[in-house]
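Welcome! Here is a short briefing to help you find your way around a structure that may be new to you. Please have a look at it first, and then read on.

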Amino acid sequence: MNHLLWNLYAGIKNGYSAKKIKIKQPKNNLCAKILNIFYKEGFIKSYQIDPLNPKKFEIFLKYNMGQPIITNLTPMSIPSKKIYIKVSGLWKLHNGLSVFILSTTRGFLTDKQCKQMNLGGKVFCKVK
């Protein structure tokens with residue numbers, strides 16, 4: 001499961017490094033949920049199923065005055081070290097500059113949504 005996300009993170013990082021407008025990534029439900037959060041939080045312009053290859057996503061990257069919106073995308077939990085956090089820990093963790101994506105019992109949520117719903121979970125990545 002995590003290798004799919006790592007592939008997505010690496011593709012987005014490399015796309016921003018190469019100043020690409022869009023990138024293509026393999027299509028799966030897990031990545032669709034993460035991309036949906038990225039879209040809602042304003043980190044990417046949009047994403048869609050590639051019309052030429054329905055097994056891939058086209059992800060349209062977003063820039064602000066030529067600079068990438070995502071400056072740092074860090075996977076937090078790895079198979080050998082899974083990071084779980086309670087709601088009380090989220091209040092200490094958040095500094096306002098980063099968005100943490102967590103896997104909860106209600107699906108993938110941002111740290112802000114977890115605070116509103118009073119949920120903890122497994123921290124997947126930090127986006128800055």
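To judge the overall size of a chain, it helps to know that the radius of gyration used here is taken over C-alpha atoms, and that the globule rule is 2.2 Å times the number of residues to the power 0.38. For the 128 residues of this chain, that rule puts a compact globule near 14 Å; the chain has 15 Å, so the two agree. Please keep in mind that this is a predicted model.

**The chain as a whole**

- The chain contains four helices and 10 strands.
- If you walk along the sequence, these elements follow the pattern α-β-α-β-β-β-β-β-β-α-β-β-α-β.
- The C-alpha atoms fill a box of roughly 45 × 30 × 25 Å, taken along the principal axes.

**A sheet of three strands**

- An open sheet is built from three strands in the order E1-E3-E2, with antiparallel pairing.
- Strand E1 (22–26) and strand E2 (44–49) each have a single partner strand and stand at the edges, so each has one side without a neighbour in the sheet.
- On average, neighbouring strands of this sheet are turned by 25° against each other, direction ignored.
- As a general point, strands of a sheet pair through backbone hydrogen bonds, either parallel or antiparallel.
- How many bridges join E2 to strand E3? There are five, and E3 covers residues 56–61.
- Where E2 meets E3, you can look for Ile-49, which stands opposite Phe-57 in E3.
- Helix H2 (residues 29–41) lies across E2 and E3, and H2 runs at about 150° to E2.

**A hairpin further along**

- Strand E8 (residues 99–104) and strand E9 (residues 107–110) run antiparallel and are joined by four bridges.
- The hairpin that connects E8 to E9 passes through two residues.
- One pair to pick out is Ile-101 with its bridge partner in E9, Thr-110.

**The cavity**

- The structure has one cavity of 30 Å³ or more.
- The volume of the largest cavity is about 40 Å³.
- Which residues line the largest cavity? They are Leu-4, Asn-7, Leu-8, Gln-25, Pro-26, Asn-28 and Cys-31.
- Helix H1 (2–17) and strand E1 each supply at least two residues of this lining, and the largest share, three residues, comes from H1.
- By type, the lining of the largest cavity divides into four nonpolar residues, three polar ones and no charged ones.

**Two loop residues with positive phi**

- Lys-19 is found in the loop between H1 and E1. Its phi is near 60°, a positive value in a residue other than glycine.
- Asn-118 sits in the loop between helix H4 (111–117) and strand E10 (121–127). Although Asn-118 is not a glycine, its phi is positive, at about 60°.

Methods. Residues numbered from 1 in each chain as written. Predicted model: local features only at pLDDT ≥ 70, side-chain atom pairs only at ≥ 80, totals over all residues. Heavy atoms only, no water. Pairing = 2+ DSSP bridges. Axes fitted to C-alpha atoms, helices over the stretch in contact; angles between N-to-C directions. Contact = heavy atoms within 4.5 Å. 1 Å grid on protein atoms, 1.4 Å probe; cavity = no way out; pocket = protein on both sides within 12 Å on 5 of 7 lines; lining within 4 Å. Points joined across faces, edges and corners; volume = space filled by probe spheres on them. Nonpolar A, V, L, I, M, F, W, Y, C, P; charged D, E, K, R; others polar.
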